[in-house]
Amino acid sequence: MQKSDMICSFCGRGQENVKKFIASPNGNSFICEDCIAICGDIIKNDDIKPVAEAKKLLLPKEIKQHLDDYIIGQDEAKRVLSVAVYNHYKKIRYNVFSRSKNKIELDKSNILLVGPTGSGKTLLAKTLAKILDVPFAMCDATTLTEAGYVGDDVESVLSKLLANSGGDIKKAQTGIIYIDEIDKIAKKNENRNLPKDPAGEGVQQALLKIIEGTIANVPIQSTRRTPYQETVALDTSQILFICGGAFVGLDKIVDERGKNHNLGFSKKLEENCLNFAILPQDLIKFGLIPEFVGRLPVVSRLQKLTSQDLQDILTKPKNSIIKQYQEMMKIDGISFDASQDAIEEIAREASNLGDGARGLRTILENNLLDAMYDLPSSNIKKFELDAKNKKLLLKYENNSSISVQS
């Protein structure tokens, strides 16, 4: 067959309109490079389509309303996340379903959460995945290392996501990954002549591709890669990455920038400059490499929880800590309640610990230990956690009471 006789079996175009052809094994049929690209897009989109069609996409206000049911405070962070998450999954649907000739490929926008320990960064990410009903995985950035070093390969978190999606590659490719303690892998200093830090800049470099979007070979049976292990190809271009960290010291960088930009303004404005938006140059100065900062265009700051926030966390969410203990005691036929004085005292203690909401469960666990140990095997079916003179105490239905604080 002469070259001029070649015609694409799909689109019917001849050699004069096509740059390259691929022939079938018998040499009797051909496909052009444009049709190959279209077929590739169809296969890729089919991997995502079932997940994209699974349920109605929640609007930003609807997402925030769901977050409000489980998370107290952090209204601004919830607004930012609601918009970012809505736009992310809207982009997936557009990239999958749009057949416009002028279609523009929409890039994803990963998220960075900056806030003190116990302010709710991890809870926000987990709750978003629950609301959206998508697979979720998380890891601690301090456990990750570059390939070739002892530790978890950066792609190990993809294995966790695949496992949490029941091995369903299509679901995993539209999941959410949360990387905590991301501030701990900032460069220690600007001296590039020092030996490489396998848990620092090198990890940032290793994370770049999977966060931006790549085809990664992920182990099926384990999060750790070993020789001859079976792997699957996982496309990370539609996975939403949320990174979080306390970024201790970043406030000083933002503060200094704010003061430099507000010379001549009121002292009060300078004092409030910590409320300024965090800019890329602030994160770069902190120690994140520019390329990594560029992969996290959506940045949201979480505020330190107040004593009132901690009180509300104990009682108001649908799955509040007090409600969880009430449900656990109910299984044994025991009624439990906490007085307002006790709620205030627990919140005060948690504030003194400086660990945000994380301290609340520890305080309750310690103070309810005696009741949880004794009551299931007793005749007492009702008790209360109370407080007097800044001391927590247990009150039982037989009018006996015991102090649970030294």
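The exercises below, each with a worked solution, concern a predicted model of a protein chain.

**Exercise 1. Overall composition**

Task: State how many helices and strands the protein chain has, and what share of its residues count as buried.

Solution. The chain contains 15 helices and 15 strands. It has 406 residues, and 43% of these count as buried. The exposed surface comes to about 22100 Å², with carbon and sulfur atoms supplying 51% of it. For contacts with a separation of 6 or more, 64% are between residues 24 or more positions apart.

**Exercise 2. The setting of strand E7**

Task: Determine whether the residues of strand E7 (residues 176-180) are buried or exposed, and identify the strands that pair with E7.

Solution. Start with accessibility, where buried means under 20% relative accessible area. In E7, 5 of the 5 residues meet this condition, so the strand is largely enclosed by the rest of the structure.

Next, separate the faces. In a regular strand the side chains alternate between the two faces of the sheet. In E7, Ile176, Tyr178 and Asp180 lie on one side, Ile177 and Ile179 lie on the other, and both faces are covered.

Then look at the neighbouring strands. E7 pairs with strand E4 (residues 136-140) in the parallel sense, over 5 bridges. Within this pairing, Asp180 of E7 is the bridge partner of Asp140. E7 is also joined by 4 bridges to strand E10 (residues 240-245), and these two strands run parallel as well. Here Ile179 stands opposite Cys243.

**Exercise 3. A buried loop residue**

Task: Locate Gln74 and describe its surroundings.

Solution. Gln74 belongs to the loop between helix H2 (60-70) and helix H3 (75-97). Its relative accessible area is 10%, so Gln74 is buried.

Leaving aside residues up to four places away in sequence, Gln74 touches Ser119, Leu302, Gln303 and Leu305. With Gln303 there is also a polar approach: a polar atom of the Gln74 side chain lies 2.7 Å from the backbone oxygen of Gln303.

**Exercise 4. Salt bridges of helix H2**

Task: Work out which parts of the chain are tied together by the salt bridges of Lys64 and Asp69.

Solution. Side chains of opposite charge can pair when their charged atoms come close. A search of the whole structure finds 13 salt bridges.

Take Lys64 to begin with. Lys64 forms a salt bridge with Asp75, and their closest N and O atoms are 3.7 Å apart. Lys64 lies in helix H2 and Asp75 in helix H3, so this pair ties together parts that are 11 residues apart in sequence. The partners differ in accessibility: Lys64 is buried at 19%, whereas Asp75 is partly exposed at 44%. Both residues belong to a network of salt bridges that links Lys64, Asp68, Asp75 and Lys78.

Now take Asp69. Asp69 forms a salt bridge with Lys318, with the closest N and O atoms 3.6 Å apart. Asp69 is in helix H2 and Lys318 is in the loop between helix H12 (307-315) and helix H13 (321-331), so the pair ties together parts that are 249 residues apart in sequence. Lys318 is exposed, at 54%, and Asp69 is partly exposed, at 27%.

**Exercise 5. The salt bridge of Asp312**

Task: Name the salt-bridge partner of Asp312 and classify both residues by accessibility.

Solution. The partner is Lys316, and the closest N and O atoms of the pair are 3.6 Å apart. Asp312 has a relative accessible area of 13% and is buried. Lys316 counts as exposed, with a relative accessibility of 56%.

How values were computed: Residues are numbered from 1 along each chain as its sequence is written. This is a predicted model: local features need pLDDT of at least 70, side-chain atom pairs count only at pLDDT 80 or more; totals for chains, interfaces and linings use all residues. Side-chain values use heavy atoms; hydrogens and water are left out. Buried means under 20% relative accessible area, exposed over 50%, partly exposed in between (1.4 Å probe, protein chains only). Two strands pair if DSSP finds at least two bridges between them. A polar contact is a pair of N or O atoms within 3.5 Å; within protein, one must be able to donate a hydrogen and the other to accept it, and residues adjacent in sequence count only if both atoms are side-chain atoms. Contact means heavy atoms within 4.5 Å. A salt bridge is a side-chain nitrogen of Lys or Arg within 4 Å of a carboxyl oxygen of Asp or Glu. Accessible areas come from the Shrake-Rupley method with a 1.4 Å probe; for residues, only the protein chains shown count as cover.
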